[in-house]
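Here's a quick briefing to read alongside the structure. Take it topic by topic and keep the viewer open.

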Amino acid sequence: MIVGDLKPLEEIVAAIKEYKQILVLGCGSCVTVCLSGGEKEAEHLCHELSKPKHYEGPPPALKMGCILRQCEQDLVREYQLVPQGTDAILSLACGAGVQTVADEHDPLPVIPALNTTFLGASAKPGIWAEMCRGCGDCVLTFTGGICPVARCAKSLFNGPCGGSQNGSCEVGLDTPCAWAMIYLRLKRQDKLHLLEEIRAPKDWRPGGAGGPRKRIRVGLGDGKSS
Ligand code: SF4
Ligand code: SF4
């Protein structure tokens with residue numbers, strides 16, 4: 001899922017203070033799961049932003065809403081509850097959701113309330129960890145299901161760097177070395193030979209180096225991203 005964090009309150013206030021009537025719009029998917037942008041968080045933010053202490057003049061009028069997925073054009077289009085007179089939307093979605101809402105409601109300003117951070121998974125209750133950077137050319141088949149792009153601090157492809165110590169990464173003892181994990185998992189799987197195979201250098205073009213990417217579904221296994 002996509003993980004995001006609420007921006008600092010002062011930053012949000014600075015971005016909305018010029019507007020008089022704002023729709024605070026939660027997103028009911030990824031950011032709900034990571035407890036940063038769902039209906040409850042939108043309600044809480046709405047409550048906080050309605051306090052006069054944040055503004056020199058009167059606070060804006062705030063209404064709250066939520067869309068199941070703000071990154072889905074059809075769902076954004078079906079959402080008919082933008083109140084008359086709204087002069088901005090404060091979106092608690094990821095960057096994809098904010099942009100979909102902005103496209104659909106152009107020219108209404110749509111302001112992000114979150115910083116979109118990474119593609120991750122729940123590691124423990126209340127903790128989410130980065131797992132994938134959407135490189136477009138997945139190598140998990142050869143790395144024991146552990147991503148060297150997102151989980152190695154240097155995105156190395158040929159084993160650990162000299163900073164790997166007792167299973168920890170040189171960036172900090174609480175960060176596992178991805179390559180130590182890859183090695184140990186492949187060993188448990190009796191697949192260490194995968195590390196000895198010579199592979200072509202990774203093709204980074206599907207990773208976004210060639211400009212904005214899009215995906216066109218053709219048939220099973222034929223999906224093409226460009
Ligand atoms: S190799 Fe690429 S696609 Fe696969 S998990 Fe890592 S970043 Fe994501
Ligand atoms: S210590 Fe391991 S995870 Fe950290 S940068 Fe080096 S190889 Fe990558």
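Around ligand 1, the shell splits into eight nonpolar residues, one polar and one charged. Keep in mind that this is a predicted model. The notes below start with that shell, then go through the strands, a helix and one loop residue.

**Ligand 1**
- The shell residues are Cys 132, Arg 133, Gly 134, Cys 135, Cys 138, Val 139, Leu 140, Cys 147, Val 149 and Ala 150.
- Sorted by character, that list gives eight nonpolar residues, with one polar and one charged making up the rest.

**The antiparallel sheet**
- Three strands, in the order E1-E6-E7, make an open sheet with antiparallel pairing.
- Strand E1 (2–6) and strand E7 (127–132) are at the edges with a single partner strand each, so one side of each has no neighbour in the sheet.
- On average, neighbouring strands here are turned by 70° against each other, if you ignore direction.
- Five bridges hold the antiparallel pairing of E1 with strand E6 (residues 114–124).
- For a spot to look at, take Asp 5, whose bridge partner in E6 is Asn 115.

**The parallel strands**
- E2 and E4 run parallel and are joined by four bridges.
- Ile 22 sits opposite Ala 88 of E4.
- E4 also pairs with E5, again in the parallel sense, over three bridges, and Ile 89 stands opposite Val 110 in E5.
- Side chains alternate along E4: Ala 88 and Leu 90 point one way, Ile 89 and Ser 91 point the other way, and all of them are buried.

**Helix H5**
- In helix H5 (residues 95–104), the buried residues are Gly 97, Val 98, Thr 100 and Val 101.
- These residues span an arc of only 165° around the axis, so they end up on the same side of H5.
- What do the buried residues of H5 pack against? Their partners are strand E2 (21–27), helix H4 (73–78), strand E4 (88–91) and strand E5 (110–112).

**Ser 29**
- You'll find Ser 29 in the loop between E2 and helix H2 (30–33).
- Is Ser 29 buried or exposed? Ser 29 counts as buried because 20 other C-beta atoms lie within 10 Å, and the cut-off for buried is 20 or more.
- Leaving aside residues up to four places away in sequence, Ser 29 touches Leu 68 and Arg 69.
- Ser 29 and Ala 93 are 64 residues apart in sequence, yet their C-alpha atoms are 8.7 Å apart in space.

Conventions:
Residues are numbered from 1 along each chain as its sequence is written. Chains are lettered from A and ligands numbered from 1 in the order in which they are written. This is a predicted model: local features need pLDDT of at least 70, side-chain atom pairs count only at pLDDT 80 or more; totals for chains, interfaces and linings use all residues. A residue is near a molecule or strand if its C-beta atom, placed from the backbone, lies within 6 Å of it. Ala, Val, Leu, Ile, Met, Phe, Trp, Tyr, Cys and Pro count as nonpolar, Asp, Glu, Lys and Arg as charged, and the others, Gly among them, as polar. Two strands pair if DSSP finds at least two bridges between them. Helices (H or I, at least four residues) and strands (E, at least two) are DSSP runs, numbered from the N terminus. Axes are lines fitted to C-alpha atoms, for helices over the stretch in contact, and angles run from 0 to 180 degrees between N-to-C directions. A residue is buried if 20 or more other C-beta atoms lie within 10 Å of its own, exposed if 12 or fewer, and partly exposed in between; C-beta atoms are placed from the backbone. The arc is that of the directions from the helix axis to the C-beta atoms. Two residues are in contact if their C-beta atoms, placed from the backbone, lie within 7 Å.
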